[in-house]
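Student: I have a structure to read and would like to know what stands behind the words used for it. Can we go through them in turn?

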Amino acid sequence: MVCLGNICRSPLAEGILRSKVDPKKVVVDSAGTAAYHVGEAPDLRSIMTARKHGLNISKLLGRQFRVEDFDDFDKIYVMDHSNYNNVIALARNEEDKAKVDLILNELSSGSNQDVPDPYYGGDEGFEQVYRLLDTATDTISQKIKDGRI
Ligand code: 4NP
């Protein structure tokens, strides 16, 4: 799960998907394309939104996306077009590029919608992000169970 800062959207996506898959079979992680918040906990608004839905993401620590992530993960979900362009710019080949998709394409294939960046807005933006990610990760976890990812 990749966003810009790895403190708002992608830690939420990580926590939500992790709660829906078998931890013995699936490794879920998140990263930011920027290094601004490396080593930091998620934004308090993401922590509180997750907590409201029964998830604890307060122990997650920000890290920057690195080229090796293409080797370590089968699928790389980005939150918006800017993240997409930044991750694709690091891809070494077509195989790397094929792993990358906008997460909301799991809600509506080919729609190419962004998860809005809630950083500069109010708490309601975080709840909207939660709802989008909750629905998208329903599809992702089902695909994992079916062996389609
Ligand atoms: P995120 O949100 O990419 O969802 O983690 C942001 C977090 C920090 C900044 C921008 C977006 N920032 O500019 O520091």
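Tutor: We can, bearing in mind that this is a predicted model. One place to begin is helix α4, where the cover over the buried residues includes β1 (2-3), α1 (9-18), α3 (69-72), β3 (76-78), α5 (94-98) and β4 (100-102).

Student: Which residues of α4 are buried?

Tutor: N83, V87 and I88 are buried in α4, which spans residues 81-88. Looking down the axis of α4, the buried residues fall within an arc of 125°, so they line one face of the helix.

Student: What is found at the start of α4?

Tutor: A side-chain oxygen of D80 comes to within 3.1 Å of the backbone nitrogen of S82. The cut-off for a polar contact is 3.5 Å.

Student: Why is V78 called buried?

Tutor: Buried means under 20% relative accessible area. V78 has 0% relative accessibility, so V78 counts as buried. V78 is in strand β3. Setting aside neighbours within four places in sequence, V78 is in contact with V2, N83, Y84, V87, V100, D101, L102 and I103. Two of these, N83 and V87, are also among the buried residues of α4.

Student: How far apart are the C-alpha atoms of V78 and V115?

Tutor: They are separated by 8.9 Å, while the two residues lie 37 residues apart along the chain.

Student: How do you know that C3 and C8 are not joined by a disulfide?

Tutor: A disulfide needs two cysteine sulfur atoms within 2.5 Å. The sulfur of C3 is 7.0 Å from the closest cysteine sulfur, in C8, and is therefore too far for a bond. C8 is in no disulfide either, with the sulfur of C3 as its nearest cysteine sulfur. The structure as a whole holds zero disulfides.

Student: What makes C3 and C8 buried?

Tutor: The limit is again 20%. C3 has a relative accessible area of 2%, so C3 is buried. C8 has a relative accessible area of 5%, so C8 is buried too.

Student: Which residues are around the ligand?

Tutor: C3 and C8 are among them, together with L4, G5, N6, I7, R9, Y36, H37, D117, Y119 and Y120.

Student: What makes the approach of R9 to the ligand a polar contact?

Tutor: A polar contact is a pair of N or O atoms within 3.5 Å. A polar side-chain atom of R9 is 2.8 Å from an oxygen atom of the ligand. A polar backbone atom of L4 is 2.9 Å from a ligand oxygen atom. For D117, an N or O atom of the side chain is 3.3 Å from an oxygen atom of the ligand.

Student: How much of the ligand does the protein bury?

Tutor: The ligand taken alone exposes 350 Å², and the protein buries 92% of that.

Student: Why are T137 and S141 called buried?

Tutor: T137 has a relative accessible area of 0%, so T137 is buried. S141 is at 6% relative accessibility and therefore counts as buried.

Student: Where are T137 and S141, and what do they touch?

Tutor: T137 is in helix α6, residues 123-145, and S141 is in helix α6 as well. Not counting residues up to four places away in sequence, T137 touches M1, A13, I16, L17 and K20. On that same count, S141 touches L17, K20 and V21. The side chains of T137 and K20 also make a polar contact, at 2.9 Å.

Definitions and conventions:
Residues numbered from 1 in each chain as written. Predicted model: local features only at pLDDT ≥ 70, side-chain atom pairs only at ≥ 80, totals over all residues. Heavy atoms only, no water. Buried < 20%, exposed > 50% of the residue type's maximum accessible area, 1.4 Å probe, protein only. Helix = DSSP H or I, 4+ residues; strand = E, 2+ residues; numbered from the N terminus. Arc of directions from axis to C-beta. Contact = heavy atoms within 4.5 Å. Polar contact = N/O pair within 3.5 Å; in protein donor to acceptor, adjacent residues only side chain to side chain. Near = heavy atom within 4 Å. Areas by Shrake-Rupley, 256 points an atom, 1.4 Å probe, with all protein chains shown as cover.
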